[in-house]
Amino acid sequence: MKDAFGAPQSLLILGGTSEIGLATARRMIARRARTVWLAGRPSPALEQAAEALRSLGADARTIAFDALDPESHETVLGKVFAEGAIDMVLFAFGVLGDQADDERDPVAAVRVAQTNYTGAVSAGLVCARALQTQGHGSLVVLSSVAGERACRSDFIYGSSKAGLDTFTQGLGDALHGTGVHVMVVRPGFVRTRMTAGLPEAPLATTPEAVATAIELGLRRRSETVWVPGALRAVMSALRHVPRPVFRRLPV
C-alpha cells in the first residue's frame, strides 16, 4: 500500500542500529507500520534492535549492508525491494570521526567521507531507482547542520554532510513528479552514543525529537526539515557572517 502522508506501512532503515533510525521506526510502528527492514553490518546489536521492534508488533527483518562496499548495494537493496514495496527509506548511517586524529591520518579522513557521502550516493541511486519503479515512496536522508558552513572543529565530517545534502537535494529535483518524495533532514547536536562525551551544543535535541520532525515533515511533504526548527534562522545568520569573524566564533 502506498505511503499515506507520513504513515508508511513498510520501512527500510539504512543504519539499522542508529538511535534516530530506531526512534523513527518506533514512531511509525505506533501509527501503522508493520514491516521494518534494518540494514547494517551484522552484529548482536542489529539483531537486538530487530527483536525490540518485533516486541512492538512489527515484522522486523535484518539484512547485511555496508556503506563502504558500494559494489554490493544493488544486490543487497534489490533483495529488500524484491520482497515487496517499501513506503519509506531512511538513510541513518554515518560516522562522526575524530577531527584531530583524522587530520593526522588521511586514510581515516577518507573513510569518513566514503561512509557519509560516497556510500550514500551509491545506495541513494539504487533506492531512488527502486522507488521510482514501484511508483511511490519517500526517501529521507539524515544530513546535518554541520554541512551548512565549514567549521574548524569538524570540517571533515561537515564536508561529507555538505556533499550528502547537495546530492540529496539534486536527487529530489531529479525525482520530482515521479511519485517519489525526497526529504533532507538537518539536525543539530543530537544526544546519541555517537556524540557521547562531546561538549553539548546549543539547541541540542534527541532522537525522539528528530523522529517526530521526520513524521511531521513527511505529512507536510517537506523537502527540508531542520531539527529543532530554530536552527533554520540560526544557520541562515551564520552563513552570512564574514569569514574573519566566523573564524573567531567558538564553533
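**Group meeting talk: strands, cores and a cavity**

β2 is mostly covered, with five of its six residues buried. I start there, and one caution comes with it: this is a predicted model.

Next to β2 is β1. The two strands run parallel, joined by five bridges. Two of the pairings are easy to find. Leu 11 stands opposite Val 36 in β2. Leu 12 stands opposite Trp 37, also in β2.

How many residues of β1 are buried? Five of the five, so β1 is largely enclosed by the rest of the structure. Look at the side chains. In a regular strand they alternate between the two faces of the sheet. In β1, Ser 10, Leu 12 and Leu 14 point one way. Leu 11 and Ile 13 point the other way. Both groups are buried.

Now move to β5. Six of its six residues are buried. Both of its faces are covered. Gly 137, Leu 139 and Val 141 sit on one side, and Ser 138, Val 140 and Leu 142 on the other.

β5 has partners too. Four bridges join β4 to β5, and those strands run parallel. Six bridges join β5 to β6, again in parallel. Keep an eye on Ser 138. Ser 138 is the bridge partner of Met 88, and Ser 138 also stands opposite His 181 in β6.

On to the core. The largest nonpolar core has 31 residues. Which of them touch the most other members? Leu 12, Leu 14, Val 89 and Phe 91. Several elements give two or more residues to this core. The strands are β1 (10–14), β2 (35–40), β4 (88–91), β5 (137–142) and β6 (180–187). The helices are α3 (73–82), α5 (106–134) and α6 (155–175). The largest share, eight residues, comes from α5. There is also a second, separate core of 30 residues. Leu 38, Val 185, Val 210 and Ile 214 are among its members.

Take Val 89 as an example from the first core. What is Val 89 in contact with, leaving aside its neighbours within four places in sequence? The list is Leu 12, Phe 81, Cys 127, Leu 131, Ser 138, Leu 139 and Val 140. Two of those names came up earlier in strand pairings: Leu 12 and Ser 138.

Next, His 73. This residue is found in helix α3. Is His 73 buried or exposed? Buried, because its relative accessible area is 0%, and the cut-off for buried is under 20%. Leaving aside neighbours within four places in sequence, His 73 is in contact with Phe 65, Asp 66, Ala 67 and Gly 78. Gly 119, Ser 122, Ala 123 and Val 126 are also in contact with His 73.

Then the empty space. How many cavities of 30 Å³ or more are counted? One. About 40 Å³ of space lies in the largest cavity. Its lining is made of Phe 91, Phe 93, Asn 116, Ala 120, Val 141, Leu 142, Lys 161 and Leu 164. By class, that is six nonpolar, one polar and one charged. α5, β5 and α6 each supply at least two of the lining residues. Phe 91 links two parts of this talk: Phe 91 is in that lining, and Phe 91 is one of the core residues that touch the most other members.

Now a helix residue, Ala 23. It lies in α1 (residues 19–31). Ala 23 counts as buried because its relative accessibility is 6%. Not counting residues up to four places away in sequence, Ala 23 touches Pro 207, Glu 208 and Ala 211. For a distance, take Gly 94. Ala 23 and Gly 94 are 71 residues apart along the chain, and their C-alpha atoms are separated by 16 Å.

Last, two backbone details. Arg 221 is found in the loop between α7 (207–220) and β7. Its phi is positive, about 55°, although Arg 221 is not a glycine. Arg 221 is partly exposed, with a relative accessible area of 31%. Further along, Pro 228 lies in the loop between β7 (224–227) and α8 (231–239). Which peptide bond is cis there? The one from Val 227 to Pro 228, with omega near -10°.

How values were computed: Residues numbered from 1 in each chain as written. Predicted model: local features only at pLDDT ≥ 70, side-chain atom pairs only at ≥ 80, totals over all residues. Heavy atoms only, no water. Core = buried A, V, L, I, M, F, W, Y, C linked by side-chain atoms within 4.5 Å. Buried < 20%, exposed > 50% of the residue type's maximum accessible area, 1.4 Å probe, protein only. Contact = heavy atoms within 4.5 Å. 1 Å grid on protein atoms, 1.4 Å probe; cavity = no way out; pocket = protein on both sides within 12 Å on 5 of 7 lines; lining within 4 Å. Points joined across faces, edges and corners; volume = space filled by probe spheres on them. Nonpolar A, V, L, I, M, F, W, Y, C, P; charged D, E, K, R; others polar. Pairing = 2+ DSSP bridges.
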